[in-house]
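Me: Got a minute to walk through this chain with me? I'd like to go from the overall layout down to single residues.

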Amino acid sequence: MARRLLISLIALAIAAITSVPKARAHGEAGDEPFLKDLTVAFYDVSIAPTAIQVGQPVTITGTVRILETWPYTLAPPETASIMPVVPGPVFALQDRLVNGQSATGSFFVDKGGIYQFKMVILGKEPGRWHVHPGIAVQGTGTLIGPGEWVTVQPSAAQFAFPVTLLNGQTINLHTYGGQFAWWWSFAGFLLGVAWMLYWTLTKRTVTNLAVTSQLPVNDDAPDIGLITPRDHIWMNVLAGLTMVMLVVGWTYATMQYPVRWPQQTDWFAPRFISSGEQMAEVHSNGATYDDATDTLLMHVQVKNLLGSALTVKQFIMAMATFVNGGEQEQAKAGPRDFVGPLEVEPNSPIAAGETKDLTLKLTSKLFSDERLIPLHDPQQFIAGLLRFENAQGGQQMVTLRTSVIPTQFRSQYLP
Ligand SMILES: [Cu+2]
């Protein structure tokens, strides 16, 4: 009976694992809204081309700003790394620049910092992959930007990733040392399996847990045949083989690779990038969110500080960009799935020196699909960047934080 139950449970577990539908994306909606909105904002992201063959490059460019509204509940951002976020090792990162500097690893960051990135990745595995830029902030985790679907077609040529070492030798990083690492790990695995099978198949240590758990820790219980002197001999043999493997491994590594170097840290502080000449002062007068229609209404007061008329071009929030403009301007603003419309009321330019009350209306499925608005949190805050442009093409990004009051809830759990 117990065995039948166990078999059914195992069958159920296997069925549950194998029947899971293929994940559509990266679970980017999984992060809490505050973790997306108050931390960083991604804009001007481009991921191109979206169809390549194995071995060909895809270039990811864009900008991420660490917002001044970084939540106090998270450790302050100090070091971070910008990377492509893809489902598994299906691309190889070939090149990465942050603010024009080569970034092999992480770098120092600050609240308010602006980081322009360029990454070149090579298609490795054929398939259709969702590719995002992401920024991994130490102590917080990876915050991701807008994504694009990239199709990688198989290629007749084998994937290769040539890298020149310091000694002048060129290796294929894709396969270098792969065989050895595989077989050596497998040898260690075999030792472990031998140990496990020895104790589970022939001994009563596992099958008679009720008995063994009654014994004191250091009691071999030879009287009931639990651990015999013979077992000690075999375990000494296994331990001996493990030691031999380790010594052989160390000796081989020392002889084969006499020059070894610890992994290097190459931290740097990226060159400063300005958020633009101060053109506008923004004051928030609150916001409401209608969950039934996915509509965010923000009331802001904008003061034009310079001598040229200003218009509101975009509102950028987490990985989403909302554009005050038509289809063409929206298509230019970033990966299309992460761009929505922005209605500004009144939409006339703000004259020099003028202070104007504006209503920003954003209606988009992005709010619920990407879970951008906090609806059930103790702190109902959102933040983002308002992008202003003047007649001369000058731009400024102003960080806007506002509390949000939900006006209608979609029912949760029960219809
Ligand atoms: Cu994705």
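What follows is a run of short questions, each with a worked reply.

Me: Before we start, what kind of model is this?
Reply: Residues are numbered from 1 along each chain as its sequence is written. Local features need pLDDT of at least 70, side-chain atom pairs count only at pLDDT 80 or more, and totals for chains, interfaces and linings use all residues, since this is a predicted model.

Me: Is the chain compact or spread out?
Reply: The secondary structure comes to 8 helices and 22 strands (DSSP runs numbered from the N terminus, with helices being H or I of at least four residues and strands E of at least two). Along its principal axes the C-alpha trace spans about 95 × 60 × 40 Å. The radius of gyration, taken over C-alpha atoms, is set against a globule rule of 2.2 Å times the number of residues to the power 0.38. That rule gives 22 Å for 415 residues, but the chain has 29 Å, so it is more spread out than a compact globule.

Me: What percentage of the residues in the chain are buried?
Reply: A residue is buried if 20 or more other C-beta atoms lie within 10 Å of its own, exposed if 12 or fewer, and partly exposed in between, with C-beta atoms placed from the backbone. By that count, the buried share of the 415 residues is 27%.

Me: Which domains are assigned, and how far apart are the centres of domain 1 and domain 3?
Reply: The bounds come from an automatic or database domain assignment. It gives domain 1 (22-159), domain 2 (178-256) and domain 3 (280-408). For domain 1 and domain 3, the distance between C-alpha centres is 24 Å.

Me: Which strand gives the largest share of the side of domain 1 that touches domain 3?
Reply: Two residues are in contact if their C-beta atoms, placed from the backbone, lie within 7 Å, and 22 residues of domain 1 are in contact with 23 residues of domain 3. On the domain 1 side, helix 2 (33-37) and strand 1 (40-48) each supply at least two residues. The largest share, 6 residues, comes from strand 1.

Me: How buried is helix 3, and does its length add up?
Reply: The expected span of a helix is 1.5 Å times one less than its number of residues. For the 24 residues of helix 3 (residues 178-201) that comes to 34 Å, and the end C-alpha atoms are 33 Å apart, which agrees. Helix 3 is hardly covered, and its count of buried residues is 0.

Me: What about helix 6, how many of its residues are buried?
Reply: Its 28 residues (229-256) should span 40 Å, and the end C-alpha atoms are 40 Å apart, which agrees. Helix 6 is hardly covered too, with a buried count of 0.

Me: Which residues of strand 11 point to the buried face?
Reply: The side chains alternate along strand 11 (residues 148-153). Trp149, Thr151 and Gln153 point to one face and are not buried. The buried ones, pointing to the other face, are Glu148, Val150 and Val152.

Me: In strand 11, what is the bridge partner of Ile52?
Reply: Strands pair if DSSP finds at least two bridges between them. Strand 2 (residues 51-53) pairs with strand 11 in the parallel sense over 3 bridges, whereas strand 9 (residues 127-137) runs antiparallel to strand 11, with 5 bridges. Within that antiparallel pair, Trp129 has Val150 as its bridge partner. For Ile52, the partner in strand 11 is Val152.

Me: Which residue in the turn after strand 9 has a positive phi?
Reply: Strand 9 is joined to strand 10 (residues 141-144) by 4 antiparallel bridges, with Ile135 standing opposite Leu143. The two strands form a hairpin with 3 residues between them. The turn residue with a positive phi, about 90°, is Gly139.

Me: Is Leu305 buried, partly exposed or exposed?
Reply: Leu305 lies in the loop between strand 15 (295-304) and strand 16 (310-317). Leaving aside neighbours within four places in sequence, Leu305 is in contact with Gln278, Met279, Ala280 and Glu281. Because 14 other C-beta atoms lie within 10 Å, Leu305 is partly exposed.
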